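This report describes the strands, the nonpolar core, the cavities and two backbone features of one protein chain. Please keep the sequence and the structure in view while reading.

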Amino acid sequence: QLQLVESGGGLVQPGESLKLSCTVSGFTLDYYVIGWFRQAPGKEREGVSCITSRSGSTNYADSVKGRFTIPKDNARNTFYPQMNSLHPEDTAVYLCAVRLPPVLRICSISESEHHYWGQGTQVTDSS
């Protein structure tokens with residue numbers, strides 16, 4: 001059974017950094033997409049970033065470009081999105097999701113393009 005588990009959330013001050021993780025288990029494919037999403041209280045879920053497992057190509061929402069990254073060198077089946085220069089409006093539950101093949105050359109941060117979801121990890125502005 002395919003499962004995704006996020007961790008690394010917590011309380012942060014504006015300007016601080018945080019590294020999350022998403023571990024995927026239960027399947028053996030080596031070509032898929034990991035997407036990151038967030039949902040703030042009272043708001044719709046928003047696509048944040050994605051990475052393609054084989055090529056390491058990434059895509060980012062405009063709201064996080066230049067601040068959030070997903071390193072290409074990840075442990076097998078574990079991804080570590082790095083969030084820098086956090087803003088109060090980054091407060092949300094962060095969820096990872098996986099898209100199984102077919103996979104496009106440039107991954108999508110659209111909810112409908114992903115098939116399985118984790119439960120999320122909370123990131124909160126503590127100011």
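In which sense do β1 and strand β4 pair, and over how many bridges? The model under discussion is a predicted one. In this model, β1 and β4 (residues 21–25) pair in the antiparallel sense, over five bridges. Within that pairing, Glu-6 has Cys-22 of β4 as its bridge partner.

**Strands and sheets**

In a regular strand, side chains alternate between the two faces of the sheet. Strand β1 (residues 3–7) shows such an alternation: Leu-4 and Glu-6 point to one face and are buried, whereas Gln-3, Val-5 and Ser-7 point to the other face and are not buried.

The pairing of β1 with β4 belongs to an open sheet of three strands in the order β1-β4-β9, with antiparallel pairing. Because β1 and β9 (78–79) each have a single partner strand, they stand at the edges, and one side of each is left without a neighbour in the sheet.

Another open sheet of three strands has the order β3-β10-β8, and its pairing is antiparallel. Here β3 (18–19) and β8 are the edge strands, each pairing on one side only. Two bridges join β3 and β10 in the antiparallel sense. The bridge partner of Lys-19 in β10 is Gln-82.

**The nonpolar core**

In soluble globular proteins, nonpolar side chains tend to be buried together. The largest nonpolar core of this model has 28 residues, of which Leu-4, Ile-34, Trp-36, Met-83, Tyr-94 and Val-98 touch the most other members. β4, β5 (33–39), β6 and β11 each supply at least two residues of this core. The most comes from β11, which gives four residues.

Leu-4 thus appears both on the buried face of β1 and among the core members with the most contacts to other members. Ile-34 illustrates the surroundings of one such residue. When neighbours within four places in sequence are left aside, Ile-34 is in contact with Leu-4, Val-24, Ser-49, Cys-50, Ile-51, Phe-79, Cys-96, Ala-97, Val-98 and His-114.

**Cavities**

How many cavities of 30 Å³ or more does the structure hold? There are two, and the table sets out their volumes and the classes of their lining residues.

| Cavity | Volume | Lining by class |
|---|---|---|
| Largest cavity | about 50 Å³ | seven nonpolar, three polar and no charged residues |
| Second largest cavity | about 40 Å³ | five nonpolar, four polar and two charged residues |

The largest cavity is lined by Leu-20, Trp-36, Val-48, Ser-49, Phe-68, Thr-69, Pro-81, Gln-82, Met-83 and Tyr-94. At least two residues of this lining come from each of β6 (46–52), β8 (68–69) and β10. Trp-36, Met-83 and Tyr-94, which belong to this lining, are also among the core residues that touch the most other members. Gln-82 lines the largest cavity as well and is the bridge partner of Lys-19.

The lining of the second largest cavity consists of Val-12, Gln-13, Pro-14, Leu-86, His-87, Pro-88, Asp-90, Thr-91, Val-123, Thr-124 and Asp-125. Strand β13 (residues 121–125) provides the largest share of this lining, with three residues.

**Two backbone features in loops**

Most residues other than glycine have a negative phi, and most peptide bonds are trans. Two places in this model depart from these patterns.

What is the phi of Ser-85, positive or negative? Ser-85 has a positive phi of about 50°, although it is not a glycine. Ser-85 is found in the loop between β10 (82–83) and β11. With a relative accessible area of 38%, Ser-85 is partly exposed.

The other place is the peptide bond from Pro-101 to Pro-102, which is cis, with omega near 5°. Pro-102 lies in the loop between β11 (92–99) and β12 (116–117). Is Pro-102 buried or exposed? Pro-102 counts as exposed because its relative accessibility, 60%, is over the cut-off of 50%. The C-alpha atoms of Pro-102 and Ser-127 are separated by 43 Å, and the two residues are 25 residues apart along the chain.

Conventions
Residues numbered from 1 in each chain as written. Predicted model: local features only at pLDDT ≥ 70, side-chain atom pairs only at ≥ 80, totals over all residues. Heavy atoms only, no water. Buried < 20%, exposed > 50% of the residue type's maximum accessible area, 1.4 Å probe, protein only. Pairing = 2+ DSSP bridges. 1 Å grid on protein atoms, 1.4 Å probe; cavity = no way out; pocket = protein on both sides within 12 Å on 5 of 7 lines; lining within 4 Å. Points joined across faces, edges and corners; volume = space filled by probe spheres on them. Nonpolar A, V, L, I, M, F, W, Y, C, P; charged D, E, K, R; others polar. Core = buried A, V, L, I, M, F, W, Y, C linked by side-chain atoms within 4.5 Å. Contact = heavy atoms within 4.5 Å.
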